[in-house]
There are 2 protein chains.
Amino acid sequence: MLSFVVPSLPENGAPKQEQCSLSCALLSIVCSALALWNTALMSSTHGARARARIEVTAAIKEEARRQLAKEGATKLSLRAVARELGMASSALYRYFPSRDDLLTALIIDSYESLGEAAEAARDAAADAGPVRRWTVLCEGVRTWALTHPHEYALIYGTPVPGYSAPETTVPAAARAVLVALGILRDAQAGPGLAPPSLPPELEPEAARMAADVAPDLPPEVVMTALAAWAQMFGLIGFELFGQFNRVVEDRDTFFRHVAGQLARTVGLVDSRQDATA
Amino acid sequence: MLSFVVPSLPENGAPKQEQCSLSCALLSIVCSALALWNTALMSSTHGARARARIEVTAAIKEEARRQLAKEGATKLSLRAVARELGMASSALYRYFPSRDDLLTALIIDSYESLGEAAEAARDAAADAGPVRRWTVLCEGVRTWALTHPHEYALIYGTPVPGYSAPETTVPAAARAVLVALGILRDAQAGPGLAPPSLPPELEPEAARMAADVAPDLPPEVVMTALAAWAQMFGLIGFELFGQFNRVVEDRDTFFRHVAGQLARTVGLVDSRQDATA
DNA sequence: TCGGTTTCGAGAGCAGTGCTCTCGTTCGTG
DNA sequence: CACGAACGAGAGCACTGCTCTCGAAACCGA
């Protein structure tokens, strides 16, 4: 399913591959059918069988998540999951049409987990000044990444099977960045925002983006915030994937400082609380 | 070999894994022996056999690089490489002790390729102002990433087998960032640098870093430049891995603007050439 | 020039993978 | 109660990384 959404990259022209991508398309249909089936059962709770189904599905995801956290996405094996659960590997395909679909489910879970961590960081510093709130949020994301390296790699590292995540991941992925936009919104309502300047050739793009994402915020702020968000993940990725080995040592304070700089870039202004904190 | 340098992440405690990591250690010794053997042959050119060896090694790497560019690191298969080269898969192990070692060779090649692109970008804008030179360098790196997505993913995405690259990749990895530091050095000698301010708790760290990397540059500049460098890769990674899909459309001008902002963050100052360009 | 040593390629084989197909069994419902 | 849908298990296919063995070829010293 994942490898089905790869329009821009060349595929090998072997006939076997064509057959695969065709069966992938069919599988994706089957997958959404299964998903609908699951949610339909969840809502109406048809019976014991339905409950068993969502229970087994949860058990599979749990065991898969354990293996993911232990050894990473590339080492995640359907057969090992089935073995650990004491069932035949073929039985697993009743719940997930392919390994990629299981991975997609884990991707969504990881996004949700990150979103939860971001929201917790937001709530932990709810009374602080804007710059500090932003910094705490960034530190929360970083801490989550350091404690869930394989999950982080799954969602922000190399896309494992193909090069584009399916549409279903989009809302989960948006959750964390929405927290950042919320902080900006609060700052606008309270201490104030100092919108950064933007070159004129970027203004239509910024307006389009802001209209899609946060119409109540100045377009320059939205665009700069998105850039800052991506830049933060550059820092985290470098630290997590070893690019800072033997280069940056005191990474906590380094990251905190850069996150604060990013906050000011976005337009957040220091308050008394930030200065004292 | 790669999976041998994973001290921080938990491994599964199965005995088979221990045996594997042990054999990995042995293999890494064999690998360095083979590497020394290769270079020794290259320098003294013992005979036709030695030449054939380096030729076959190059052919393997070439075919592997082709498969890497076509389908990505996870799909790279030793057997497929051997098949394409018309030799038995087992014969390939005479040249690379394991798949990871072949990947390591490709990683180094990718770093060198990126370094070349960075140097070309530097030379292409040798006469421009500091901000423009930095921006052109960033655009060069981005263009390389967009044209070599799988190579980029190999070196800046998720580390494929383990979580830390072997030491041999370090000099190759440094090549690109040294170009950035060179631009800063030129700016210091010519148009001038405006070193950014740093909180006092980061000054010792910055001093240590600068002493290691670029003793002739102000520590604040070195530290901020490294942060900016990492941030740039955050932008590139987001674009390349689909995080900007349906969010950022005009990515060229977006990236150019953010790269210019990063240049000013580092301490580079606009010149007349930058303003007109 | 000869014989021993090293290097090489090929084949078979092992353990593992994702995935498919078939075949009984069990469950829910008309 | 009976029928069909869902389920679990097993065998099997094609593929992977990797090891071992064996014969042939190349090298090198005597």
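## Cavities

In this predicted model, four cavities of 30 Å³ or more are present. The largest cavity holds about 170 Å³ of space.

Which residues lie nearest the centre of the largest cavity? They are A:Tyr156, A:Phe233, A:Gly237, B:Tyr156 and B:Phe233, out of 16 residues that form the lining. Two or more lining residues come from each of α6 (149-156) and α9 (219-240) of chain A, and from each of α6 (149-156) and α9 (219-240) of chain B. By type, the lining of the largest cavity has ten nonpolar residues, six polar residues and no charged ones.

## Chain A as a whole

Chain A is built from eleven helices and zero strands. Its pattern along the sequence is therefore written with one symbol only: α-α-α-α-α-α-α-α-α-α-α.

Of the 277 residues in chain A, 50% are buried. Among contacts in chain A with a separation of 6 or more, 73% join residues that are 24 or more positions apart. The exposed area of chain A is about 12900 Å², and carbon and sulfur atoms supply 56% of that area.

## How the two chains are related

A turn of 180° with a shift of 0.0 Å along the axis lays chain A on chain B, with an RMSD of 0.0 Å. This is the relation of a two-fold axis. The C-alpha of A:Gly234 is the one in chain A nearest the axis, at 1.7 Å from it.

Why can the copies be said to meet through the same surface? The reason is that 100% of the interface residues of chain A are also interface residues in chain B.

## Helix α6 of chain A

How many of the eight residues of α6(A) are buried? The count is eight of eight, so this helix is mostly covered. The buried residues are A:Pro149, A:His150, A:Glu151, A:Tyr152, A:Ala153, A:Leu154, A:Ile155 and A:Tyr156. One of them, A:Tyr156, is also among the residues nearest the centre of the largest cavity.

The cover over the buried residues of α6(A) comes from both chains. It includes α2 (48-71), α4 (99-124), α5 (130-147) and α9 of chain A, together with α9 of chain B.

## Three buried residues

A:Gln231 belongs to helix α9 of chain A. Is A:Gln231 buried or exposed? Its relative accessible area is 5%, and buried means under 20%, so A:Gln231 is buried. With neighbours within four places in sequence left aside, A:Gln231 is in contact with A:Leu262 in its own chain. In chain B, its contacts are B:Gln231, B:Leu235, B:Val258 and B:Leu262.

A:Thr169 sits in the loop between α6 and α7 (170-189) of chain A. A:Thr169 counts as buried because its relative accessibility is 4%, under the 20% cut-off. Not counting residues up to four places away in sequence, A:Thr169 touches A:Thr104, A:Ile107, A:Ile108 and A:Tyr111.

B:Arg53 is placed in helix α2 (residues 48-71) of chain B. Its relative accessibility is 14%, so B:Arg53 also counts as buried. B:Arg53 and B:Arg94 are 41 residues apart along the chain, and their C-alpha atoms are separated by 9.5 Å.

Technical notes. Residues numbered from 1 in each chain as written. Chains lettered and ligands numbered in written order. Predicted model: local features only at pLDDT ≥ 70, side-chain atom pairs only at ≥ 80, totals over all residues. Heavy atoms only, no water. 1 Å grid on protein atoms, 1.4 Å probe; cavity = no way out; pocket = protein on both sides within 12 Å on 5 of 7 lines; lining within 4 Å. Points joined across faces, edges and corners; volume = space filled by probe spheres on them. Helix = DSSP H or I, 4+ residues; strand = E, 2+ residues; numbered from the N terminus. Nonpolar A, V, L, I, M, F, W, Y, C, P; charged D, E, K, R; others polar. Buried < 20%, exposed > 50% of the residue type's maximum accessible area, 1.4 Å probe, protein only. Contact = heavy atoms within 4.5 Å. Areas by Shrake-Rupley, 256 points an atom, 1.4 Å probe, with all protein chains shown as cover. Least-squares fit on C-alpha atoms with pLDDT ≥ 70 in both.
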